[in-house]
Amino acid sequence: MTGQTTVRHTAPADVRRDRPTAGPERTGAPVAEGEARLVTGEPGCGRSRFLDRAARAFTAGPVVHVRAEPDSATVPHAGLRALLRLSAEPRAGGPAVPSLDGLDGLDGLDGLDGLDGPSADAALRSALRAACADGPLLVCVDDAHLWDPASRAALGRLGRDPRAAGAVSLLLTAPGHRPVDPEFAGIPPLRLDPLTAAASAALLDEESGGSVDRGVRDDLVAEAEGNPALLLALLRSLTPAQLRGRAPLPRPLADAEILTGLVGGCLSALTAEEDQVLLTAAAAVREAEDGSAAVAPVRRALARLAGGAPAARLDPPPELLVLSDGRLRFRSALVRRALYARAGERGRRAAHRALAAQEAGLPGLLHRAWAVPADATTVADGAAAALATGLAAAAADPAVPASPRLRCAALARAADLTGDGRDRARHRLAAAQQALLAGQPYQALRLLDAVRTGAPGAELRGRAELLRGAALLRDGPVDEARATLLLAKSLLAAHAPAAALAATLGAADAAWAAGDVPGCLEALAEGRGEQGRDGLSGTPAGPGADTPAGTGAGSAGPAASLPSGDDVLREHRRGMLALLERRFEAAVRSLRRVVDGAAPGDRVETLLRAAAAALLMGDLVGARGAATAALVAARTQGEAAALGPALEYLAYTELRAGRHGLARTHAEEGLRAAHRAGQRNTAAHHHAAQALAASIDGDADAVARHVRHAQEISLRHGLAQAATLAEWALARVDLGEGRPAEAADRLGPLVRPGPGRGHFAVWMLAVPCFVEAAARAGRGGSAGPVVEEFAEWARFGADPQAPAQLLRCRALLAPPDRADGLYESALALHETAGGDFERARTEFLYGQWLRRRRRLREARDRLGAALVGFERCGARAWAAQARAELRANGTSAGGARAGDLSALTPQQLRIVHHVAGGATNREIAQALTVSTRTVDYHLRKVFAALGVRSRVELARLVEQTEKTPAHP
């Protein structure tokens, strides 16, 4: 371990500067002032483009940008000469910078000849220090590994201590598929990750003017695996007819010529022995989940290839292959692919045949399958077909340890080796399902296209459309997903009722995401009256009609009565339908059974359904538990496609609970998972969740950035729910920064009846913000009808904050003789609902109301408590408003003067003396015969009134003002 921290960054696509980045963003500069980074990555990852964009984005001062020349690698100090010869490029509005040539008394560039290391360091640092005398300087050196050794050494020493040259920042690039040069070992690396699928698609659209057929674009994106140079090489290799989808694509898309052309000359000097070692290693890690393979089987396979030699050497070039802890991995996936492709089919089959004899289980079977000739389906003895049958059976067996990615590869290969059309379609269908679980939607859709062209029966086609609809639901227009899933339902109804039920719920999910209530009802109602086929009942005849015998309205009985599977889907359908039909009691009964019927260890799909059902009921504890269990199961089982949705439910759960920092953490991780799995719709929801969390933090720039991304995807794919959440986040920024009129203008169309109303599951959550904005802007009369609709939502009980928020809304609109009591009642309800942010908002509005009626002492208490609440939950903009109100009230934000305990109530004084004596909240509650929640409530007010932030400060204050603290 070197102790260095590698910063990872998604390589930038070279697209228009005004175009939103399609993948995860890295905000701010890639290197801070006085720091250095070594930018690495595999061939074609975009190191030079990254450096160019970093230079263009640097506005703090001048930039010196130099590319190394291979021809000068043997000339001493040639790199330093090239650097010192350059004049710094002036930035817009920046100062003019003199040439670096000949500074600090050097007698021209010839002064470098014969310099030792310290002298060269001094010359370089002196020149840079003079160049940045008037401000920061960025030095960019591309392909620094090609510099001569003396220049590399000087540059490396500068990189380890750039501040020695003044306000200098340093960015170097070097390839990541070879060991780091010793001279650069002390510079923190910044590795460029592959492009996301969305960023790759954006790059293709930019380069082609959007003329590439969507299916062809998806194929190119999948084949490039995030490498921008390979992506553009594939684009240039196709004819216009192929790019428009009018001619078949070559297979494979990335052939040996394209791949070897991109990796340069790193493969040209290999010996025959090294070539065999690398090919066998490439075959061993071809389907590995983590890109590595065990050394022992590879060594034995090499011995077999060498004719049974007892001890085969495994000594590959270290610049290409790494051996560590008994495993081997390639430094570059692109180099591995090039090695594998250039070997030819005969060499590849021999390597797989040798590995098959060393590997057990599914990996061994897959190596055997890759060793079969391409035309094996014509073999008369049927050996290939038998192998395909065994391979498919092993891949479908849940008892066989394997990741979804490995199962997908095995099933796809089994399909290739199967002659029977129906069996081939079944294998491809199963492979597509595993591809979706592995987070490979493009691979899944390609397999599903092959199933469709194979003219399967109604059931297989229905299952294919079910998977296609599931893929579109996460990454595509949701209206198309709904239509596809309804088609799947109609095809499956007579053959596979359980699958038809899954299609019905999927279609409802798509309509829900689109905010299409009639479409949602239509999808959910399609199963009615089909009791004989799929067990779905019609509308319950009365209360309890759909409740299992022996259970009450609020209980689902033992979890064993609802095994994961069809029963969970049926109850979820019933619950969603009842909710949309405003039969709230029936909805709660069914949704409660879904939540109680799930348990850790269930299928990921079942746990996600339970999390969704719990959120619909406002059961945040249940939602958190189910979503966490789903996340753990997805990670354990390698289901990458479920990570984004599970984290989405967790993010929304914490937002509802008022834990905005944790929500932001979940959404950040979920966004990365969604991008890796090619799930733009899921990514849109994570952007919306981050915008909502950032709106509480007061980070307006982050809100605007995430809203832009969420809205871009929402507009393209019809995601009304994510779009409404994003708009709500913008309104909360307006409200938090004291712009109630702007917030009311933004929220009014979302919450009032009419064609512009927001998503039906979101507008109710935004009503309290609208009422507050309208009242503070002097437009309270427009909010009355919306409050009455919100009252119905509060009675449903799906939002623990809603009852207190409803009373706060009524207080904002009430005459003075009623508002006081409504605010007090709202605060009492907040005691049971929890949530610092919502309580602080009520305290703040109440304090404002009290101050304007000149009840200054009471106003100080409320505003002080609001300030503490806002600070505790990180609501900086709201905290600033509370401080302003305190100042207007004649009280500093710091609270009372030190020693001024007279402002406290008798109960607060008792609690203060107990705290000074070292008692815990629980001990204080027992001594005063009150609840710990009451103690916590009073302490918040005490902290705000006295301007202290901890129990230690409070105890010190008591000691200073009362020599002998008295305990009543």
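Which residue in E5 does valine 139 stand opposite? Valine 139 stands opposite leucine 170. The model behind this report is predicted.

**The chain as a whole**

The protein chain has 968 residues, and buried residues make up 54% of them. Its secondary structure comes to 44 helices and nine strands. Contacts reach far along the sequence. Among those between residues at least 6 apart, 68% join residues at least 24 apart.

**Strand E5 and its partners**

Strand E5 covers residues 168–173. Six of its six residues are buried, so E5 is largely enclosed by the rest of the structure. In a regular strand the side chains alternate between the two faces of the sheet. In E5, Val168, Leu170 and Leu172 point one way. Ser169, Leu171 and Thr173 point the other way. Both sets are buried.

E5 pairs with strand E2 and is also joined to strand E4. The table sets out these pairings, together with that of E8 and E9.

| Strands | Sense | Bridges | A facing pair |
|---|---|---|---|
| E2 (residues 36–40) and E5 | parallel | four | valine 39 and threonine 173 |
| E4 (residues 137–142) and E5 | parallel | five | valine 139 and leucine 170 |
| E8 and E9 (residues 327–330) | antiparallel | four | leucine 321 and phenylalanine 330 |

A helix also belongs with E4 and E5. E4, helix H4 (residues 149–160) and E5 make a right-handed β-α-β unit.

**The E7-E9-E8 sheet**

Three strands form an open sheet in the order E7-E9-E8, with antiparallel pairing. Strand E7 (292–294) and strand E8 (321–324) stand at the edges. Each has a single partner strand, so one side of each is left without a neighbour in the sheet. The twist averages 25° from one strand to the next.

Helices lie across this sheet. Helix H10 (residues 272–284) crosses E7, E8 and E9, running at about 95° to E9. Helix H11 (residues 295–305) lies across E7, E8 and E9 as well, at about 70° to E7.

**Helix H19**

Does the length of helix H19 agree or disagree with what its residue count predicts? H19 has 17 residues, 458–474. At 1.5 Å a residue they should span 24 Å. The end C-alpha atoms are 25 Å apart, which agrees.

Many residues of H19 can be listed as buried. They are Leu460, Gly462, Ala464, Glu465, Leu466, Leu467, Arg468, Gly469, Ala471, Leu472 and Leu473. The list includes the charged residues Glu465 and Arg468.

What do these buried residues pack against? Their partners are helices H6 (214–224), H17 (421–437), H18 (441–453), H20 (478–492), H21 (497–514) and H30 (680–697).

**Cysteines**

The disulfide count comes to zero, with a pair of sulfur atoms needing to lie within 2.5 Å. Why is cysteine 809 not bonded to cysteine 769? The sulfur of cysteine 809 is 9.1 Å from that of cysteine 769, its closest cysteine sulfur, and this is too far for a bond. For cysteine 769, the nearest cysteine sulfur is likewise that of cysteine 809.

Are these cysteines buried or exposed? Cysteine 769 is buried, with a relative accessible area of 3%. Cysteine 809 is buried too, at 1%.

Terms used. Residues are numbered from 1 along each chain as its sequence is written. This is a predicted model: local features need pLDDT of at least 70, side-chain atom pairs count only at pLDDT 80 or more; totals for chains, interfaces and linings use all residues. Side-chain values use heavy atoms; hydrogens and water are left out. Helices (H or I, at least four residues) and strands (E, at least two) are DSSP runs, numbered from the N terminus. The expected span of a helix is 1.5 Å times one less than its number of residues. Buried means under 20% relative accessible area, exposed over 50%, partly exposed in between (1.4 Å probe, protein chains only). Contact means heavy atoms within 4.5 Å. Two strands pair if DSSP finds at least two bridges between them. Axes are lines fitted to C-alpha atoms, for helices over the stretch in contact, and angles run from 0 to 180 degrees between N-to-C directions. A crossover is right-handed if, with the strands pointing away from the viewer, the path from the first strand over the helix to the second runs clockwise.
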